[in-house]
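Please open the structure in your viewer and keep the selection panel at hand. The stops below go from the whole chain to smaller parts of it.

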Amino acid sequence: MPLGKRSDFGDARYAGVEVNYAHDIAGAMQEYLLCGFDFVLAPLVQPGHEQPALQLPQDGSAVTPVIREELMLTSATWGGQIVGKVSSWIDPDSPEPELAQRSAAALQQELSWAAFLGLQAVLLPTPQQQHKGAFNFAQVVNQALGGLSHMALWLQLPMTEPPAAQQQQQQDAPAVANSSSSSSSSSFDWFEYWCTLFTLCEQSSLLGVALVVPPDLPCKRAVARWLAQPLKALLLPTSVFTTNKRGYPILSKAHQELLSTAYRHNVQVVLTGEPLHKVAPAPPQPPPPATPAPESTIAAAAAAAAGGDVLPFAVNDPGESHVLRPYWEYLCYLFRRLDGGAAQEQVEAGYRDYLQEQVEAGYRDYLQAPLQPLQDNLESQTYETFEKDVTKYACYQAAVHAALLDRVPDDKAEETVTTLMVVGAGRGPLVRSSIAAARATRRKLRVYAVEKNPAAIVHIQRMVRCEGWQEMVTIVHTDMREWQPPELADILVSELLGSFGDNELSPECLDGAQRLLKPGGISIPASYTSFLAPVTTAKLWDAVRNYKDLEHCETPYVVKFHRHYTLSPPQPVFTFVHPNPQQPPDNNRAATLRFPRPAEEGVGVLHGFAGYFESVLYKDFTLNTHPPTHTPNMFSWFPIFFPLREPLTLPAGADVITHMWRKCGKHKVWYEWAVSEPVACPIHNPGGRSYYVGL
């Protein structure tokens, strides 16, 4: 939910600023917007006011307002350029009953007022009784969420290390054990508190978190786990900035990296606190020659707005002299460097990196149903997207190249014709790659392109005709499992892998096509192994929940993970080998996996599992989506996501034991999955009731 979204890349992306209470909110807002900020974080109520909800006088007289009354602002301004801030004194869990009652009433009042104004978001104060659970606070917030339709609530929380990590640091550095960083408040696990509150509020999509950035950042994994939550903003105090030699505010490299990550994940940055760096304003520039200023200058815009003529000299931007301007310029610098760095990487890495970024950007955290390659014929656009993956077909070409050299020695190259079958040829990219490999090795090749999709056959026919391959390529329009070939193949090539390796029925298809291969023949790919990892991904789980039915909660999805956190490294699950030595083949599988979690990482939330694969095409030639071995610049396969019906809260240091089954029936194949520790959950998708792949 970006506020004050800019269309240019010259400004910091969604940078806000905290402002003090001002009766003239319009003037104050204009001042900070001229400075360059996109929105302001402003109090909803006068500081120090601690009265309960407004009570209407019995005599009908007017109410003396204690909350904002500047209703001359348009709803678009309130909604797009102002984030409300709830009073910090509010404490519904106070041990004093009167204060607790007044706090609950005041919190409801302020949120109702913010909803009336049409604000997109409101910042809630950090609960003061967090050690006691702050359950009254959660109840009031949950009740308020039930009456909201669009306004989001951001809960302000500190960014801290998990308690176990803090204890480890104190053991490693006993000299600082009594410092403020090891106080009781800092040892509290705010992430655990957030998980509890989020659960109490039913994981509402309108509830998010705003983290206060500390001078000393936690470890990277402690920060990364927040990115898998609905992190909406970073509250960046001016006290976090240091000073460079010229007196300008700058951030440490760790803080720079944090803000760059925030930009990439659309997390907004809000500058808080008073200016601590006094930078002398730039000296006034002498007026230029009396020539009309360009239409895009501020002078032209001001004159046009006033209905006057363009001034013959430039007018300095009034925001340039603002005391917070150096901080805003530094945020701009970080954002420009981010985009500039991406552009430089594009130049250095070339077209493939750029193309990969363009393909993936639109699919980040977007649920897609896996393909049904046997039941459905793919569309031309799907083939076209896959064919853009230059890396994948280069790997296939290299594998065929090596197989041809191993299959046919140099002294028999002129007299030996290798029979190669491409099963599931699609629009023909593997045919093209195989022929390119044959030409590079100077080996003779006879190709059979087997494809069941009649529309794709048209493309292959045109390719063969245009390339003049009529004598080399035979097109076969049939299902590979039913075809009776005139001869057997020396090499069998296919691209039937799915996001989980076997989830698009590659084992069933290649087992059925194995009879096409000569004894001792080569299958490309030769084997593949699926991998599974427990993940936190509140955004994806919420997207699944929004379907509001059991079927979608038990369906695996193809996803380009973006805002997620891997709780434990991926582990291998199922392996398939081709040619399959097992006769008759049995592709049912079962696996039990234990995922260890160190206590130093604190409490975790399990929303489901991310699936990947590693495949061996031929010998040392591989195609992998498994993160540690991911094939560079390859984007044909995104990971797969197996959701849980309900998120599981994992105690610090608790291992996750999960069970995965691959089940085969007469007409379908499906997966079942469950968790048994630390908390048991029901087996998902029993009997393929919600999802299966048709044979």
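Among contacts in the protein chain of this predicted model between residues at least 6 apart in sequence, 79% join residues that lie at least 24 apart. To see the elements that make up the chain, switch to a cartoon view, where 18 helices and 26 strands can be picked out. Then turn on the surface of the protein chain, which comes to about 31800 Å² of accessible area, with 53% of that belonging to carbon and sulfur atoms. Of the 695 residues in the chain, 51% count as buried.

Next, select residues 506-513, which form helix α16. Seven of the eight residues in this helix are buried, so α16 is largely enclosed by the rest of the structure. If you show the side chains, the buried residues to look for are S506, P507, E508, C509, L510, D511 and A513.

For the last stop, move to H322, which you will find in the loop that runs between α9 (298-306) and α10 (325-349). Is H322 buried or exposed? Its relative accessibility is 12%, and because buried means under 20%, H322 counts as buried. Which residues does H322 touch, once those up to four places away in sequence are left aside? They are E31, Y32 and C35, so select these three together with H322 to see the contacts. With E31 there is also a polar contact, made between the side chain of H322 and the side chain of E31 at 3.0 Å.

How values were computed: Residues are numbered from 1 along each chain as its sequence is written. This is a predicted model: local features need pLDDT of at least 70, side-chain atom pairs count only at pLDDT 80 or more; totals for chains, interfaces and linings use all residues. Side-chain values use heavy atoms; hydrogens and water are left out. Helices (H or I, at least four residues) and strands (E, at least two) are DSSP runs, numbered from the N terminus. Buried means under 20% relative accessible area, exposed over 50%, partly exposed in between (1.4 Å probe, protein chains only). A polar contact is a pair of N or O atoms within 3.5 Å; within protein, one must be able to donate a hydrogen and the other to accept it, and residues adjacent in sequence count only if both atoms are side-chain atoms. Contact means heavy atoms within 4.5 Å. Accessible areas come from the Shrake-Rupley method with a 1.4 Å probe; for residues, only the protein chains shown count as cover.
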